[in-house]
Amino acid sequence: MSEQSGSIDVLRSQIEEAGKLGLAQVEAAATSADLESARIHILGKKGTLSEVLKGLAQVPGPARPQVGAVANEWKSKIEAAIAVKKEALEQAAMDAAIAHERIDVSVPSRRNHLGGLHPITQATRLVISILSRIGFEVATGPEAETDFLNFEAVNIPKDHPARDMQDTFFLGPGVVLRTHTTPVQMRTLMERPLPLRILSPGAVYRCDSDATHSPMFHQIEGLWVDRGIRMSDLKGVLDFLAKELFGSKAKIRLRPSYFPFVEPGAEVDVSCTICEGKNARCTMCKGTGWLEILGAGMVHPELYRAARVNAEGVTGFAFGMGVERIAMLLHGIPDLRLMFQGDLRFLRQFP
Ligand code: DAH
């Protein structure tokens, strides 16, 4: 019996020993990592306290709870000490961070790369926003167009010399990449009831490429059909557009010209607002004082016939302009090719 009580005392003091040592280790921990390894070292499955407690199995029944209670007491003491230490270490880490980390508000921020609209898109939207104020609505058509609508219906029959003016990309029998936005005039005449006042912007294609021609470029077509529409209405609309685009000093002039889909037809120039005709060496107007911006005229009766529209008592005007040309004039861009190179040094100038 005394031998047994002796072994209980040994176990009890072993527990105390392991407990005290453990507490000291917890106290000594200088970092969270130290603390965690101390916890494992003491309370882990093979920890010092756990190892000592394996001796508990040898303790005779009645004494076992007493020794167990001592062990649990130490266990909770150590756990409490770990919790306190943990909080203290976290607080210290936070204090250190606050003391050392500083926000330097004078450091330039990372640049925010904002995309922008291409000058062609900007010019397109500008023309639409100007003319929508006087009632024009946008209508669109496909870029792959039928030969019929691109040519035939707008009065350019198969053997017509005007087909040579437009070098066509053929996609297949009866289908072309539209060479102009004029077929959208036909589509709207066929689809919408009169009166009509539409603008159709979009890409067009011609087999042509040099300093002043791109195989893909953009046009905006205008069409106004109603009772009593006259050539003077065309002039008024284009004069309004020119002044809104290039400033109140801008003037327009119409020169007689030929387009199969209009009669009479005209080419329209805008006065050079860069030199106002005063500089013989002006790079924009070459000293002429005028810049060609579009083609226009009164809708040819053949178009109503092809669209099977009863156009009795109505007349209309149409115009078609190159958007690249408008953008170049607006910004003084010297070379058409700059528009299609995607060079950010160029594009960033049009935020
Ligand atoms: N479709 C012509 C071209 O691409 C431009 C044009 C001229 C359109 C006269 C028109 C117009 O509507 O009336 O060159």
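**Helix α7, the cores and the ligand site**

Me: In α7, which residues are buried?
Reply: Pro183, Val184, Gln185, Met186, Arg187, Thr188 and Leu189 are buried in α7. This is a predicted model.

Me: What makes α7 "mostly covered"?
Reply: The helix spans residues 183–191, and seven of its nine residues are buried. Buried means under 20% relative accessible area.

Me: Which elements do the buried residues of α7 pack against?
Reply: There are two helices, α6 (147–150) and α9 (301–306), and four strands, β2 (144–146), β5 (196–205), β6 (216–227) and β10 (314–322).

Me: Why is the aromatic pair of Phe259 and Phe261 called stacked?
Reply: Two values decide, since a pair of aromatic rings is described by the distance of the centres and the angle of the planes. The centres of Phe259 and Phe261 are 6.1 Å apart, and the limit is 6.5 Å. So they pair. The planes differ by 25°, and under 30 degrees counts as stacked. Therefore the pair is stacked. Both Phe259 and Phe261 are buried.

Me: How many aromatic pairs does the structure hold, and which residues do ring pairs link into a cluster?
Reply: The structure holds six aromatic pairs. The cluster consists of Phe136, Trp224, Phe317 and Phe319.

Me: How do you know that Lys77 lies over the face of Trp74?
Reply: Lys77 is 4.0 Å from the ring centre of Trp74. The cut-off is 6 Å, and the charge must also be within 35 degrees of the ring normal. Lys77 counts as lying over the face.

Me: Which residues touch the most other members of the largest nonpolar core?
Reply: That core has 45 residues, and the ones that touch the most others are Leu131, Leu238, Leu294, Phe317, Phe319 and Met321. Helix α8 gives the most to this core, with seven residues.

Me: What is Leu238 in contact with, leaving aside its neighbours within four places in sequence?
Reply: Leu238 contacts Ile252, Val268, Leu294, Ala296 and Phe319. Another core lies apart from the largest one. It has 26 residues, among them Ala139, Leu303, Ala306 and Val314.

Me: How many residues surround the ligand, and which are the closest?
Reply: 16 residues surround the ligand, and the closest are His180, Thr182, Arg206, Gln219 and Glu221.

Me: What makes the approach of Arg206 to the ligand a polar contact?
Reply: A polar side-chain atom of Arg206 lies 2.7 Å from an oxygen atom of the ligand. The cut-off is within 3.5 Å, so this is a polar contact. Ala318 also qualifies, because a backbone N or O atom of Ala318 lies 3.3 Å from a ligand oxygen.

Definitions and conventions
Residues numbered from 1 in each chain as written. Predicted model: local features only at pLDDT ≥ 70, side-chain atom pairs only at ≥ 80, totals over all residues. Heavy atoms only, no water. Buried < 20%, exposed > 50% of the residue type's maximum accessible area, 1.4 Å probe, protein only. Contact = heavy atoms within 4.5 Å. Phe/Tyr/Trp six-rings, centres within 6.5 Å; stacked < 30°, edge-to-face > 60°. Core = buried A, V, L, I, M, F, W, Y, C linked by side-chain atoms within 4.5 Å. Near = heavy atom within 4 Å. Polar contact = N/O pair within 3.5 Å; in protein donor to acceptor, adjacent residues only side chain to side chain.
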